[in-house]
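Colleague: Could you show me how to read a ligand site, going from its contacts to its pocket?

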Amino acid sequence: MEIAIRYYSKLGHTKDIAQAMAEEAGVTAVSIADESSLQKKADILFLGGAPYANVMDKKLRAYAEAIDPSMVSKIVLFTTSNWSRRTVMSLRRILERKGIEVEKRYFYAHMLNIQNRIPKAKEFIRSFLD
Ligand SMILES: Cc1cc2nc3c(=O)[nH]c(=O)nc-3n(C[C@H](O)[C@H](O)[C@H](O)COP(=O)(O)O)c2cc1C
C-alpha cells in the first residue's frame with residue numbers, strides 16, 4: 001500500500017505530528033511548501049494543517065484544491081490548533097467537492113500537547129496500515 005504524508009506547518013506542531021506518522025509508516029513526510037503537487041499516486045494521502053486567525057494558510061488551500069483525484073484513493077486528515085478543528089472541516093469540504101473520498105476519522109492534537117499525542121498519532125496511522 002502506497003502511503004503519502006503531506007502537511008503545512010508554520011510553527012512546527014503539525015510537522016511534528018506528520019513526522020511521527022511518517023516514522024510509523026516508514027515514509028517521509030513532505031511539507032507542501034516544498035512540493036507543488038503530489039508526484040506519485042497514493043492509496044492513502046494523510047494531509048495535515050492548522051488554522052491561523054480562523055483559516056488555513058492559502059498555500060494549503062491551494063494545494064488541496066489542486067489535488068488530482070486520480071492520484072489518491074482516499075485522504076485522511078489531521079490537524080493541530082489552539083481550539084479549532086475547522087481546518088479539517090474546510091479541507092473535507094474542498095476535497096469531497098472534488099469527488100475524493102475523505103476518511104471520517106481524523107487526528108487532532110492540541111498545540112500544547114503535541115509531544116504527548118505522538119504515540120496516539122502513531123497508533124492512528126497504524127490502524128490504516130494493518
Ligand atoms: C497567527 C496565529 C493565529 C492562530 N489562530 C488560531 C485560530 O484561529 N484558532 C485556533 O484554534 N488556533 C489558532 N492558532 C494556533 C495554531 O493553529 C496552532 O499553534 C497550530 O498548532 C499551529 O500549527 P503549526 O505549528 O503546524 O503551524 C493560531 C496561531 C497563530 C500563530
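Modeller: What follows takes the ligand shell, its polar contacts and the pocket in turn. This is a predicted model, in which local features need pLDDT of at least 70 and side-chain atom pairs count only at pLDDT 80 or more, while totals for chains, interfaces and linings use all residues. Residues are numbered from 1 along each chain as its sequence is written, and side-chain values use heavy atoms, with hydrogens and water left out.

Colleague: Which residues come nearest to the ligand?

Modeller: A residue is near a molecule if one of its heavy atoms lies within 4 Å of it. Here 17 residues surround the ligand, and Ser9, Thr14, Pro51, Tyr52 and Thr80 come nearest.

Colleague: Which polar atom lies 2.5 Å from an oxygen atom of the ligand?

Modeller: A polar contact is a pair of N or O atoms within 3.5 Å. The atom you ask about belongs to the side chain of Tyr52, whereas ligand nitrogen is met by backbone atoms, at 2.8 Å for Ala53 and at 3.2 Å for Asn82.

Colleague: How much space lies in the largest pocket?

Modeller: On a 1 Å grid over the protein atoms alone, a pocket is an open set of points where a 1.4 Å probe fits, with protein on both sides within 12 Å along at least five of seven lines; lining residues have an atom within 4 Å of a point. The volume, meaning the space filled by probe spheres set on the points, is about 220 Å³ for the largest pocket. Of its 17 lining residues, Ala50, Pro51, Tyr52, Ser81 and Asn82 are the closest to its centre.

Technical notes: Polar contact = N/O pair within 3.5 Å; in protein donor to acceptor, adjacent residues only side chain to side chain.
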